Amino acid sequence: MKPFRVVVVGCGGMANRWIEYAMERRDVEIAALCDIRREVAEAKANQFHLQCPTFTDVEEAITRTEANLVFDVTIPETHAQVVTTALRLGCHVMGEKPLATSLPEAEMVIQTARACGRTYAVMQNRRYNRNIRALRELIANGTIGQVGMVCADFFLGPHFGGFRDDMDSPLIVDMAIHTFDQARFLTGADAVSVYCHEFNPPGSWYKGNAAAICIFEMSDGSVFCYRGSWCAEGAPTSWEASWRITGSRGTAIWDGHTAPYADVIRPSTPAAFLRATEHVEAEFTWPGREGHAGCLDEMFAALQEGRAAETDCHDNFKSIAMVFAALESAKSGKKVPCAGLL
């Protein structure tokens, strides 16, 4: 019998990546598909030629199939319910971001995972990219010295349709979590406080605020500045954002597309109005896969090795807490401490 019997909950388009991944692994069996609309689950089973049962109820799907792992690929509003149900029934959970849609929900989910002795790992696929891994090493190796400022620009204009168009804060809640998490990943620092101005620019097709500027004070003394818009058409940035990280010895640059690099002060450079710098290429040593596959590889490795995954809910809480603090700041118009949230 294969060690992982998986129930896939949520059978929309995003489920394709998760099912394709599961079908690649010899140690995974898709035990069931579950969706609130049975016809959607049945269509997904037919699409992938799966001979598994379909359900509309998560608890029934788990108990009837004796599953021990759940893939949560539902909409954000149902994550807390799906995840806690699975955890209480003895399953580990791997799911799409966000961890939850409110601070109380996030705390409840983490407490449930701890009480049940099970793990919940959150998809943060944008950590799993050869360029961001190389950039992280460039910073960790001290190439630019002590980090002082981290700037990320995210400007795209996707016309999704569906639930995102009706969200109150589509950019911050549904997308900025990726960039916030990347900032923590790159620096190894956590957010201490944030000031956020959220707004909806002219021409936006979103009902809620689709743009924001956030200033985070980080635990290492650095400042992380995020500028983003999901209704910015023309001259788009990468989905990975465009990064400038300044340190005591120089600056690291990554446009989100090409290889990162640094410009650093030349050794023994005499004092001058503008000191001479030299170009330093990033080294690529990370052997992992990119995107969803890379993140899922790490999640399964963590389960097999009996350790917390890199994006385990306890760590990911520190990223989603940045989202909740930014929303609170936007509503109050004031700087909000993040330490209490963590």
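The following paragraphs lead the reader through the helix packing, the nonpolar cores and several individual residues of this structure. The model is a predicted one.

The nonpolar interior offers a starting point. In soluble globular proteins, nonpolar side chains tend to be buried together. In this model the largest nonpolar core has 80 residues, and the members that touch the most others are L99, F216 and F224. Helix 7, which covers residues 170-187, gives the most to this core, namely ten residues. The surroundings of F216 can be listed in full once residues up to four places away in sequence are set aside: F216 touches F180, A191, S193, V194, S222, V223, F224, M322 and A326. Apart from the largest core lies another one, of 32 residues, which includes V8, F71, A293 and C295.

Two helix pairs show how elements pack against one another. Helix 1, residues 15-24, packs with helix 8, residues 291-305, at an angle of about 55°, and the two axes are 11 Å apart. Angles from 35 to 65 degrees fall outside the parallel and perpendicular ranges, and therefore helix 1 is oblique to helix 8. The crossing of these two helices is right-handed. On the side of helix 1, the contact is made by R17, W18 and Y21, and on the side of helix 8 by H292, A293, L296, D297 and F300. Sorted by class, the contact of helix 1 with helix 8 comprises five nonpolar residues, one polar residue and two charged residues. A293 of helix 8 thus appears in this contact, and A293 is also among the members of the core of 32 residues.

The second pair consists of helix 5, residues 103-116, and helix 9, residues 313-332. These helices pack at an angle of about 175°, with their axes 10 Å apart. Because angles over 145 degrees count as roughly antiparallel, helix 5 is roughly antiparallel to helix 9. Helix 5 contributes L103, A106, E107, I110, A113 and R114 to the contact, while helix 9 contributes C313, H314, F317 and F324. The residues of this contact divide into seven nonpolar, one polar and two charged.

The backbone has some particular features as well. Most residues other than glycine have a negative phi, and most peptide bonds are trans. Against that background, the peptide bond from K97 to P98 is cis, with omega near 0°. P98 is placed in the loop between strand 5 (92-95) and helix 5. H49 is not a glycine, yet its phi is positive, at about 55°. The position of H49 is in the loop between helix 2 (38-47) and strand 3 (54-55), and H49 is exposed, with a relative accessible area of 67%. A235, likewise not a glycine, has a positive phi of about 50°. A235 belongs to the loop between strand 10 (223-229) and strand 11 (242-247). With a relative accessibility of 73%, A235 counts as exposed, because the cut-off for that class is over 50%.

Strand 12, residues 250-254, holds G250 and T251. G250 is buried, because its relative accessibility of 14% is under the limit of 20%. Although G250 and V264 are 14 residues apart in sequence, their C-alpha atoms are 4.1 Å apart in space. Leaving out residues up to four places away in sequence, G250 touches I144, I245, D263 and V264. T251 also counts as buried, at 19% relative accessibility. Under the same exclusion of residues up to four places away in sequence, T251 touches I144, R244, I245, T246, Y261, A262 and D263.

The last residue to consider is L138, which lies in helix 6, residues 130-140. At 7% relative accessibility, L138 counts as buried. L138 and E283 are 145 residues apart in sequence, and their C-alpha atoms are 7.6 Å apart in space. Not counting residues up to four places away in sequence, L138 touches T143, A252, Y261, A262, V280, E281 and A282. Among these, Y261 and A262 are touched by L138, and T251 of strand 12 touches Y261 and A262 as well.

Key: Residues numbered from 1 in each chain as written. Predicted model: local features only at pLDDT ≥ 70, side-chain atom pairs only at ≥ 80, totals over all residues. Heavy atoms only, no water. Axes fitted to C-alpha atoms, helices over the stretch in contact; angles between N-to-C directions. Helix = DSSP H or I, 4+ residues; strand = E, 2+ residues; numbered from the N terminus. Parallel < 35°, antiparallel > 145°, perpendicular 65-115°, else oblique. Left-handed = near helix turned anticlockwise from the far one by under 90°. Contact = heavy atoms within 4.5 Å. Nonpolar A, V, L, I, M, F, W, Y, C, P; charged D, E, K, R; others polar. Core = buried A, V, L, I, M, F, W, Y, C linked by side-chain atoms within 4.5 Å. Buried < 20%, exposed > 50% of the residue type's maximum accessible area, 1.4 Å probe, protein only.
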